[in-house]
Each structure stands twice: as C-alpha cells, then as structure tokens.
Amino acid sequence: MRKAVDTPAVVHELVGARTGNCVRAAIALEAAGIPYTVRRIDLAAGQQHSERHLALNPSGKVPVLTGGATAPAFVLTQSNAIMLFAAERAPQALLPGDPTARAHAYERYFQVVTDIIGPSHAAFRLGIGEGRALLERLAIDGVVALEQVLTHAPYLAGPNFSIADIAGFTITQALVARLDVAALPRITAWLARIGALPEVRRGLAAFG
C-alpha cells in the first residue's frame, strides 16, 4: 500500500526503476501491507551511479529498500531479501503458516529464482552467441516446467498466493512472447489470475 511521501506512518522507501526485480519487490510490499514510498532512479541517465545511490548500494544496483526516517540505518539491496523481509513481516500473507507447506513455498520460490530468473538475467548480460542462447533456453524450459507444477493447484506453492507466484509471475511476463502459450493453458490461466490481484496491480504500477 503506497502512501503519500508526507504521510507520518510511512517508514520504508523503495528505490528503483521499472525492472523485474524492482517490481517484484514492490508487489511483495503491497501484498504484505507494508507502507512505503517510491523513489525512482533513471537508469538510462546513470542515476544508479550517483554518490547518493552508491552510499546505499555500492554495486549501483536496484532495488534498494531503506528504513526511512525512523530507521535510517536499515538498508536492503537485494530483491530476494526484500521479498523475504516482506513475507516475514506479514505471516500468512506470502508464506503458509504450516512448516511443511512453507517448505514447499520456499522450494517453488527458489526454483523460479535459480532455474528461470538466474539464467534469464545472465543471458541479458551476454552478447549474441551460443552461451546466451543456452541460458535463454534454460530460462524458457524453467517456465515451461511450471505448467506441470500448476496441475493440481491454482498457485505455484499450493492453494494460496505466495512469494513463489510473485517471482514466477514477473519473470514469466517478461518471457511470455517467447512461449507457446497455446500449449501452456495452466500457465496462461495462472498469469491472468495473478495479474488480476489488487496487490499485484498496485505493485506493477509502483514505478509508473
């Protein structure tokens, strides 16, 4: 739930741009009901390399979540850490309470992060060539594997929305043009289901 910058209840600031990592961090904050403001970074203009930003994240990357006025020393500089922070702040909203169900949610979450997001991001950094093509294929294969995961449940980790769905939704949307969606009816229905959630819609709009 994004608040106005001058709202006293606001504690956290999410610094970033309209990238997959930043958007999924915003969706997690929205789903957890954590008030935050957005400060946009113009990546094309190189603002991520400004002295102000490097003081928060020396690697010059986004997103960054800060503690705001009440906790200026609090800084998280990795999207996965921000998502897990949000999940832990809102029990049951993004992770199941049952330990076994929670373990499965973590399993699916890290399946998406390691099998899809990791190869996709690595491919983006490579020039045209065999290595990039291989990584892109691995990412697509990772998405296609989710069709089977969705056979018996509406969400990646079972009957309820979780951090696995946030991670899976954002990267699948980025790769959807390369998918044979006609052969992936469960993924197609899941994308529509996740995209219709109010917290997801707000998170998608966080960076404009």
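Colleague: Before we start, what do "buried" and "exposed" stand for here?

Modeller: Buried means a relative accessible area under 20%, and exposed means over 50%. Keep in mind that this is a predicted model.

Colleague: Okay, so why is Ser-162 called buried?

Modeller: Its relative accessible area is 2%. The cut-off is under 20%, so Ser-162 counts as buried. You'll find Ser-162 in the loop between H5 and H6. Leaving out residues up to four places away in sequence, Ser-162 touches Leu-94, Ala-105 and Ala-157.

Colleague: How do you know whether His-152 is buried or exposed?

Modeller: Same recipe. His-152 has a relative accessible area of 78%. Exposed starts over 50%, so His-152 is exposed. His-152 is also found in the loop between H5 and H6. From His-152 to His-104 there are 48 residues in sequence and 14 Å in space, C-alpha to C-alpha.

Colleague: And what makes Gln-92 count as exposed?

Modeller: Gln-92 has 56% relative accessibility, and the cut-off is over 50%, so "exposed" fits. Gln-92 lies in the loop between H3 and H4. There's another thing about Gln-92: its phi is positive, about 80°, although Gln-92 is not a glycine.

Colleague: Why point that out?

Modeller: Because most residues other than glycine have a negative phi.

Colleague: Which peptide bond is cis, with omega near 5°?

Modeller: The one from Val-62 to Pro-63. Pro-63 is in the loop between helix H2 (51-56) and strand S3 (64-66). As a rule, most peptide bonds are trans.

Colleague: How do you know that Glu-199 has no salt bridge?

Modeller: A salt bridge needs a side-chain nitrogen of Lys or Arg within 4 Å of a carboxyl oxygen of Asp or Glu. For Glu-199, the nearest side chain of opposite charge is Arg-202, 5.1 Å away. That misses the 4 Å cut-off, so no salt bridge is counted, and yet Glu-199 is buried. Glu-199 sits in helix H8 (residues 198-204). Among its contacts, not counting residues up to four places away in sequence, are Ile-27 and Phe-161.

Colleague: Let's finish with the largest pocket. What lines it?

Modeller: The lining has 37 residues, with Thr-19, Gly-20, Asn-21, His-121 and Phe-124 nearest the centre. Helices H1, H3, H4, H5 and H6 each give two or more residues to the lining. H4 gives the largest share, 8 residues. The space in the largest pocket is about 1,100 Å³.

Colleague: How does the lining split by class?

Modeller: It has 13 nonpolar, 17 polar and 7 charged residues.

Notes. Residues numbered from 1 in each chain as written. Predicted model: local features only at pLDDT ≥ 70, side-chain atom pairs only at ≥ 80, totals over all residues. Heavy atoms only, no water. 1 Å grid on protein atoms, 1.4 Å probe; cavity = no way out; pocket = protein on both sides within 12 Å on 5 of 7 lines; lining within 4 Å. Points joined across faces, edges and corners; volume = space filled by probe spheres on them. Helix = DSSP H or I, 4+ residues; strand = E, 2+ residues; numbered from the N terminus. Nonpolar A, V, L, I, M, F, W, Y, C, P; charged D, E, K, R; others polar. Buried < 20%, exposed > 50% of the residue type's maximum accessible area, 1.4 Å probe, protein only. Contact = heavy atoms within 4.5 Å. Lys, Arg positive; Asp, Glu negative; His and termini not counted.
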